[in-house]
Amino acid sequence: MDRRRPVILTAHPLQRIGAYALSCLAGIERPEGRTAGLPDPQGLDVDGFDAAVAAMTEDAVRAALVRDTKVAAGFFLKCSMSFFPNSKMNHPSNANRSDEEIAERVRAWRKPQRSVQSGSGAVGCVLCSQPAAGFFGKTDVPLAESDVYRNTTPRGHDGMALCWACVCCFYALPYGSWLTGGPSVAVHSWDEDFLAATVAAQVRLTRQLVEIGSAAGPALEAREVLALRALRGHQHELTAGVELLVYGNNNRGPVLEVYGLDQALAEWLRRTSQRSGLRRGFRALLRAHRTAKEPGYVGLARNAFRSPQRIPGGCAVWLATAVLRPGRAEREDEAVALAGLCFDYADKVMLMDKDDLDEIRATGRRIATILQGERSSGKLREFYARFKDSGRLRSWLQRGAVEWLGRPRDGQDGPLVSTRGFALLFDPDFDNPAWFHRQMLLVSVTEELFHLGWRPEGSFDDGAEELPELDVKDNEFAGDGGRDER
Ligand SMILES: [Zn+2]
């Protein structure tokens, strides 16, 4: 072990989270610059490392002495089953052992280990190549394979060669994770600043749980919310995507689920949720994701990780609904701000060509001119209903094109939908996300109707009627837009 720098950040996400948690526990922070105050595993020396490891050992002893996982004080002990099953901390035999015996066994389990020699020389840690302290299995390393079904080592062999520093990173992992008592949730990124800040915030929360306990574990509306909160709190531009890891190492069945958010979307969410100029749009974005059962940030966070294509779709529906409920200035301001956010999404997340987006927006303005001539909302509803089926939308636009030619056009040149516009909206080419362009068309139409101050008769009041969800087929989300045309 390098005495000046015992911990090395490796390519293992859970080791990395643990390394940051360990430096938080040691109180080692970056001294200066724009990231001053963030935990710094590279700055952790051996004294800080030993102190943090000793503190974790005493936390483990305290938890073990509770013996009962069903009481609030036993929460950390319960969680330990999902990290270090069958360890000295939570061994079933503890029920019949004295306090002294349990404490001694836990301290022996966590006692610093020296490097091992094997054959011709020292064995290297599989993660960081420092001399290994031993071979470790699932009792010490979450998600390590059990020797019962591992076939890369002889039966009974403990498994992975790890150095003491890496093992201690795994011991620190619970502090950097959202604990539930069952599978834990952790946020990971290759953006070191973001990971440092996120783990630091998590360690502050988890330490309280370790010390005070919890009757049922902390409440979390949805796992994805954890990452959205972290993004919202981060002050610097993201340089990498974000992963959400849901994992458990329980003896009854290890689990690992990984949800990813690419850098562009993560950065867009971070920026839109923070900038004061975008706040109004963000508020509308949350409203667009609100349901009767769940607040908007839950729906937004879930969509971001599971089906990001639903984000602009949900906004388009909300905007169309807002047009039909005019008369509330605040809502109208929010609607225009939300339309702006959607175009920003097209630019920053979908990397849509500016000329193409301009083409869609111009098409939307022309369609809005037609709809504006209507006194009732019937034609807008009909137009909206056509979004369920790209073939029917196409024929609506073709009919509208004829109507467009025969009417005064307020100085707007050209056809209702240009050849390029039709290609963008309906070309089933894999490179052309036609489904997304159609969503942007709906956003453009509604934005223009707001600008024009259109007030249809027979519009409904709050809660009276909802427009159906924009039900785009899954294969269209995959970039297969328009293939079902008739
Ligand atoms: Zn190592």
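Leaving aside its neighbours within four places in sequence, which residues is Thr 206 in contact with?

1. This is a predicted model, and the opening question can be answered from it directly: beyond those sequence neighbours, Thr 206 is in contact with Pro 174, Tyr 175, Ser 177 and Leu 179. Thr 206 itself belongs to helix α6, which covers residues 192-212. Its relative accessibility is 1%, and because buried means under 20%, Thr 206 counts as buried.

2. On the chain as a whole, the secondary structure comes to 18 helices and 7 strands. Of the 486 residues, 53% count as buried, while the chain exposes about 21,700 Å², with carbon and sulfur atoms supplying 49% of that area. When contacts between residues at least 6 apart in sequence are taken together, 72% of them join residues at least 24 apart.

3. The metal site deserves a careful look from anyone working at the bench. The zinc ion is coordinated by the SG atoms of Cys 125, Cys 128, Cys 163 and Cys 166, at 2.3 to 2.4 Å. Along the chain, these donors follow the spacing C-x2-C-x34-C-x2-C. The arrangement is tetrahedral because the 4 donor atoms around the zinc ion subtend angles of 100 to 117 degrees. Of the coordinating residues, Cys 163 and Cys 166 are both buried.

4. Turning to the nonpolar interior, the largest nonpolar core has 81 residues, of which Val 242, Phe 383 and Leu 397 touch the most other members. This core draws at least three residues from each of two domains, namely domain 1 (13-259) and domain 2 (307-480). A second, separate core has 62 residues, including Ile 28, Ala 52, Ala 60 and Tyr 247.

5. Phe 383 merits a paragraph of its own, as one of the residues that touch the most other members of the largest nonpolar core. Not counting residues up to four places away in sequence, Phe 383 touches Ile 367, Leu 371, Leu 393, Trp 396, Leu 397, Leu 441, Leu 442 and Val 445. Leu 397, which is named with Phe 383 and Val 242 for touching the most other core members, is thus also among the residues that Phe 383 touches.

6. Val 255 lies in strand β7, which covers residues 255-261. Its C-alpha is 7.4 Å from that of Pro 183, although the two residues are 72 apart in sequence. Leaving aside neighbours within four places in sequence, Val 255 is in contact with Pro 183 and also with Leu 143, Val 246, Tyr 247 and Gly 248; of these, Tyr 247 is included in the second core. Val 255 is partly exposed, with a relative accessible area of 32%.

7. Two residues may be worth checking for their backbone geometry. Arg 67 is not a glycine, yet has a positive phi of about 65 degrees; this residue is found in the loop between α2 (46-66) and α3 (75-80), and at 33% relative accessibility Arg 67 counts as partly exposed. Leu 351, which is likewise not a glycine, has a positive phi of about 50 degrees and is placed in the loop between α12 (329-348) and α13 (354-372). With a relative accessible area of 66%, Leu 351 is exposed, since the exposed class begins over 50%.

Note on methods:
Residues are numbered from 1 along each chain as its sequence is written. This is a predicted model: local features need pLDDT of at least 70, side-chain atom pairs count only at pLDDT 80 or more; totals for chains, interfaces and linings use all residues. Side-chain values use heavy atoms; hydrogens and water are left out. Helices (H or I, at least four residues) and strands (E, at least two) are DSSP runs, numbered from the N terminus. Buried means under 20% relative accessible area, exposed over 50%, partly exposed in between (1.4 Å probe, protein chains only). Contact means heavy atoms within 4.5 Å. Donors are N, O and S atoms within 2.8 Å of the metal (3.2 Å for Na, K and Ca); water is not among the atoms, so sites may look incomplete. Four donors count as tetrahedral if all angles lie between 85 and 135 degrees; four count as square planar and six as octahedral if opposite donors are over 155 degrees apart and all others between 65 and 115; anything else is irregular. Accessible areas come from the Shrake-Rupley method with a 1.4 Å probe; for residues, only the protein chains shown count as cover. A nonpolar core is a set of buried Ala, Val, Leu, Ile, Met, Phe, Trp, Tyr and Cys residues joined through side-chain atoms within 4.5 Å. Domain bounds come from an automatic or database domain assignment.
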